[in-house]
Amino acid sequence: MTLRPAFADTPWFGGDYNPEQWPEEVWEEDVELMRSAGVNLVTVGVFAWSLLEPEEGRYEFGWLDRALDLLHANGVRVDLATATAAPPPWFSESYPESLPVTVDGVRLSPGSRQAYCPSSPAYRSAARRLARALAERYGSHPAVVMWHVNNEYGCHVSRCYCDESAASFRRWLKAKYETIGSLNAAWGTAFWSQSYGSFEQILPPRATPAFPNPTQSLDFDRFSSDELLACFLEEKAVLRDVTPDIPVTTNFMGTFRNVDYWTWAPHVDVISDDLYPDPADPDAARGAALARDLMRSLGRGKPWLLMEQSTAAVNMRPVNVPKAPGQLRALSYQAIARGADGICFFQWRQSAAGAEKFHSAMLPHAGTETRIWREVVRLGSELGELGDLVGASTQAHAALVFDWDSRWAIEQTGLPATSNYLALVAPWHAALTEAGLTVDLTRGDEDLTAYPIVIVPSLFVLTDAQAKAIDAAARAGSVVLVTSQTGVVDENLHARLGGYLGGLQQTLGVWIEEFWPLGGAWARPGAIPVAPESTVAPTVRVRGSVFGPEAIDGVEWSESVHVRDATVRAVFEEGHLSGWPALTRKAHGAGAAWYLATRLGRRDTAALVAQLIAESGVHVRTPFIDGEGGFVETVQRGDTLFVINHGTTAVTLGEEGTDLLSNADSLGLVIEPQGVALIAPMEACLAGFRATDSVIASAPMPK
Ligand code: GLA
């Protein structure tokens, strides 16, 4: 049996619908308003376990029967949740050992949500049972088009340190290493007297007196991601068994740290994402663009679903600024531009009680005479007209390596410096995006030769497969940029001996002797930080013509770079490394391989990216005449060019065509802040084009 199509003729539009929070009289109004807003998909039952199974093995499906029938009668499709993300009180009472334990040995209590250990056999079997009961009851319900397994795996509990987790970790290690000898070798246990006599002696990296074993910690990160994936796969297997033709999803969380989405993505029929950019962050749209590109890349270009976003404010931050007027629309079009075929929200009707009652919704506390409701209705009606975009592909011009092993490893303690991996990657994405390029993310171990530009930021853990793919891209003609702290260790976190950079020394024509981080305050994990200067950072003077005639600031980092066969394009001008290379370039095969031994501020990142673009021959489409005052996003999907003004001043379009949203001529069209234009028809761009056969060429308009 083949899977039914996951998307409809027009983009999905809707949100989480929690009818169990309201008396049934309200449901009639819900569906009537859904119809008037153009809602065609809702996710039902995400946190309804305690009402669906009020006692172990006793189900109460009547209310859900009535809710689904009502939705169906009103033409609203259902993404039905398996409801396993919040075990009910009876479950925690009967199986107290299923409650998760923190690194410090604290067993967490029920009374919130996600209070389960992913390795708990009791949890696993209760989740499978509930999934089966739901699949058997609703698998043939005409409203159900998709299964929504659990919710945001790992959001609150992504690592559990209890005895059950310890036992499962040992099983995972046995399968990986087979013998305790090979584990000892991989973990480097000769250091600090850690040699294990048997697998039974091994524990998770619980709170320790000094640094935990780094490889043990990294293996525990990998294990924990796999363990959550195992929870998902067990439920998915049950659903496939009962309903082999219904697609299955689970909602990812953008660039979430604790789960390696590259290993998950092949198992998910529909990639779906929850993203809550902070409206108080002026860089929020840039960071969100990265997350959207990740979703498209995880699905290898397949359409994905924006499962959750807010209409205005969230309530999870200390201060929750609402989205600006028009911002929910602008950010929704950003997702569509970058490959989404559906836009949904958390949640349909704003809760009156519970922990999230001050979180915005499609239908606010104040009802329909509201700004938010009007914005929701407008978006729903516009999306209903955009059927032609469904299934169209978004073409990328550059690849950016994004790797969870490197992320986990470079954020450990006991390093030259503990870094924030996202802060090392996001500025490159932002610079490429602001230059008008679209970026695919990649783990870096696949064929990259079709990309004119490949950027490899701080790939701390470098595998041989990654080194080979990056080298092959440069040889085939890509312009490759590798940045500091790449190739420092192998998969077991053993240092690459003989100068850092490992297998990329040949490609780049340089090797690294010593790390020289600068003293001072550094960016720390948090929001997606697209520019290091958003924090106060230590700097070192750097000079190179790529950056213009003046010296610029290298930020936070320096390294002593030895050149074998590359040209030096910038040097450090002060400190202990004064006179040493900061930036090098080697002509390599048909392409080039650059190495950057420091980090850069926003302006200088843009200058270096501009150099790479010029060298690659990619022609960038800049469809607006005046773009001062912030980020104006341009992305081509199918034959439609999206122009989204996330900035603070209006821009004027300089591109011929018709704006699909206003039906106006696009040439000379003014796009206000938070405004959007969808210009069509545009000549389609081709995947993997190179300088010689570039088809996105469009002369920049004169200022
Ligand atoms: C997540 C969850 C939702 C809700 C929202 C609030 O995305 O999946 O249940 O808590 O956050 O922003």
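In the predicted model, eight strands close into a barrel whose order is β1-β2-β3-β4-β5-β6-β7-β8, and the pairing between them is parallel. From one strand to the next, the twist averages 30°. Helix α3, formed by residues 62-73, packs on this sheet and touches β1 (12-17), β2, β3 and β4 (144-148). The direction of α3 makes about 155° with that of β3. Within the barrel, β2 (residues 41-44) and β3 (residues 77-81) are paired in the parallel sense through four bridges. In this pair, V44 stands opposite L80 of β3. A further helix, α12 (residues 371-383), lies across β1 and β8 (340-345) and runs at about 135° to β1.

The loop between β8 and α12 contains Q347. This residue is joined to F346 by a cis peptide bond, with omega at about -5°. A second cis peptide bond links A680 and P681, and its omega is about -10°. P681 is placed in the segment after β26. An unusual backbone value of another kind is found at R300, where phi is near 50°, a positive value in a residue other than glycine. R300 belongs to the loop between α10 (284-298) and β7 (304-308). For context, most residues other than glycine have a negative phi, and most peptide bonds are trans.

A second sheet was also identified. Four strands form this open sheet in the order β21-β22-β26-β24, with antiparallel pairing. Strands β21 (632-637) and β24 (658-659) stand at the edges; each has a single partner strand, so one side of each is left without a neighbour in the sheet. Helix α11 (residues 327-337) packs on the open sheet, where it touches β21, β22 and β26. The angle between the direction of α11 and that of β22 is about 150°. Strands β22 (residues 640-645) and β26 (residues 676-680) pair in the antiparallel sense over four bridges. Across this pairing, V643 stands opposite A677 in β26.

The domain assignment divides the protein into domain 1, spanning 398-619, and domain 2, spanning 623-684. The C-alpha centres of domain 1 and domain 2 lie 32 Å apart.

The pockets of the model were examined as well. The second largest pocket holds about 890 Å³ of space, and 37 residues line it. Of these lining residues, P212, N213, P214, Q412 and T413 lie nearest the centre of the pocket. Helices α7 (180-187), α8 (214-242) and α13 (404-410) each supply at least two residues of the lining. The largest share, five residues, comes from α8. By class, the lining of the second largest pocket comprises 22 nonpolar, eleven polar and four charged residues.

Key: Residues numbered from 1 in each chain as written. Predicted model: local features only at pLDDT ≥ 70, side-chain atom pairs only at ≥ 80, totals over all residues. Heavy atoms only, no water. Pairing = 2+ DSSP bridges. Axes fitted to C-alpha atoms, helices over the stretch in contact; angles between N-to-C directions. Contact = heavy atoms within 4.5 Å. 1 Å grid on protein atoms, 1.4 Å probe; cavity = no way out; pocket = protein on both sides within 12 Å on 5 of 7 lines; lining within 4 Å. Points joined across faces, edges and corners; volume = space filled by probe spheres on them. Nonpolar A, V, L, I, M, F, W, Y, C, P; charged D, E, K, R; others polar. Domains from an automatic or database assignment.
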